[in-house]
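Welcome! Here is a short, friendly walk through one protein model, starting with the sheet and moving on to a helix and a cavity.

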Amino acid sequence: MILSSLPKEFLELSKPVKKLFYKGNLSLLEQPKVAIIGSRKMSVYTKNLVLELSFLLKEIGVCVVSGGAIGVDICAAKGAFPSTIAIFANGLDQIYPKSNEHLIKQIYEHALALSENEPKYLPQRYDFLLRNRLIIALSKAVVVAQADLQSGSLQSANLALKLNKPLFVLPQRLDESKGTNLLLAQNKARLIHDLKDFALCFGELKKREEDDEVLEFCKKGVSLDEALDKFGERVYEYELLGKIEINGVFIRVLV
């Protein structure tokens, strides 16, 4: 469907948006929003931080904006689900990338997907940078989780600076994220030294549910098969809600 009126954040872009297509929950546009972007080839360390940060932002009522790509994008969407907005370079009747099909379909139904491209449109390389300007424009702040030099994520970081968006990075080893470390060295970004403190800049944490039987069971260090035997499909619902992470045959509690 076509959005009847464009978000105010898009009205002053140098390359204006002509049409905006959407699927999902438009009320998410009314929430405060933070972008989390970064490498398609993230480390396990980055993945864990992104999952935790995006979940914390969801807990304080912040919507996480990303691009729906593999790596940091889809990890951020997963951690914040269903409080996530994914902006795509392709037409929304296309599922791209296919490896993220399951979660993308969940975003279409329970979160929000946006694209300025017509149905059936397949993205070209330059479309991803155009898409990134929407991610950044829509957000109050931008977090670059991990980035190489000469990467699209670093180009997006420079665009964030041009749009006067506060820019943040995660702590990384010297050789694992040269792009974000360069942003720090040039005083272009601020370091997130504590995920909870960063999240609290945007609101207050909600009270968590007490005595959740699924979480209490998973905290014991059980296998996926054990959890499925006891709780069935509820296990996968908890994964989509960002409460647990399934790593192969193991389960990690995120809350």
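How many strands form the open sheet, and in what order do they come? This is a predicted model, and in it eight strands make up an open sheet whose order is 1-5-4-3-2-6-7-8. The pairing in this sheet is mixed. Its edges are strand 1 (21-24) and strand 8 (190-191), each of which pairs on one side only. As general background, the strands of a sheet pair through backbone hydrogen bonds, and they may do so in a parallel or an antiparallel way.

**Strand 6 and its neighbours**

A good place to look next is strand 6, which spans residues 141-144. On one side of this strand lie Ala 141 and Val 143, on the other Val 142 and Val 144, and all of them are buried, so both faces are covered. Strand 6 pairs in the parallel sense with strand 2, over four bridges. Strand 6 also runs parallel to strand 7 (residues 167-169), and three bridges join the two. The table picks out some of the residue partners in these pairings.

| Residue in strand 6 | Partner | Strand of the partner |
|---|---|---|
| Ala 141 | Val 34 | strand 2 (33-37) |
| Val 142 | Leu 167 | strand 7 |
| Val 144 | Val 169 | strand 7 |

Strands 6 and 7 also belong to a β-α-β unit: together with helix 5 (residues 152-162) they make one that is right-handed.

**A mostly covered helix**

Is helix 2 mostly covered or mostly open? Helix 2, residues 72-80, is mostly covered, with eight of its nine residues buried. The buried ones are Val 72, Asp 73, Ile 74, Cys 75, Ala 76, Ala 77, Gly 79 and Ala 80. What do these buried residues pack against? Their partners include three strands of the sheet, namely strand 2 (33-37), strand 3 (63-66) and strand 4 (84-87). They also pack against helix 1 (44-59), helix 3 (101-110) and helix 4 (125-138).

**The cavity**

Finally, there is an enclosed space to find: the count comes to one cavity of 30 Å³ or more. The largest cavity has a volume of about 40 Å³. Which residues line the largest cavity? They are Gly 67, Gly 68, Ala 69, Phe 88, Ala 89, Asn 90, Tyr 96, Pro 97, Phe 128 and Arg 131. By kind, the lining divides into six nonpolar residues, three polar and one charged.

How values were computed
Residues numbered from 1 in each chain as written. Predicted model: local features only at pLDDT ≥ 70, side-chain atom pairs only at ≥ 80, totals over all residues. Heavy atoms only, no water. 1 Å grid on protein atoms, 1.4 Å probe; cavity = no way out; pocket = protein on both sides within 12 Å on 5 of 7 lines; lining within 4 Å. Points joined across faces, edges and corners; volume = space filled by probe spheres on them. Nonpolar A, V, L, I, M, F, W, Y, C, P; charged D, E, K, R; others polar. Buried < 20%, exposed > 50% of the residue type's maximum accessible area, 1.4 Å probe, protein only. Contact = heavy atoms within 4.5 Å. Pairing = 2+ DSSP bridges. Right-handed = clockwise from strand over helix to strand, strands pointing away.
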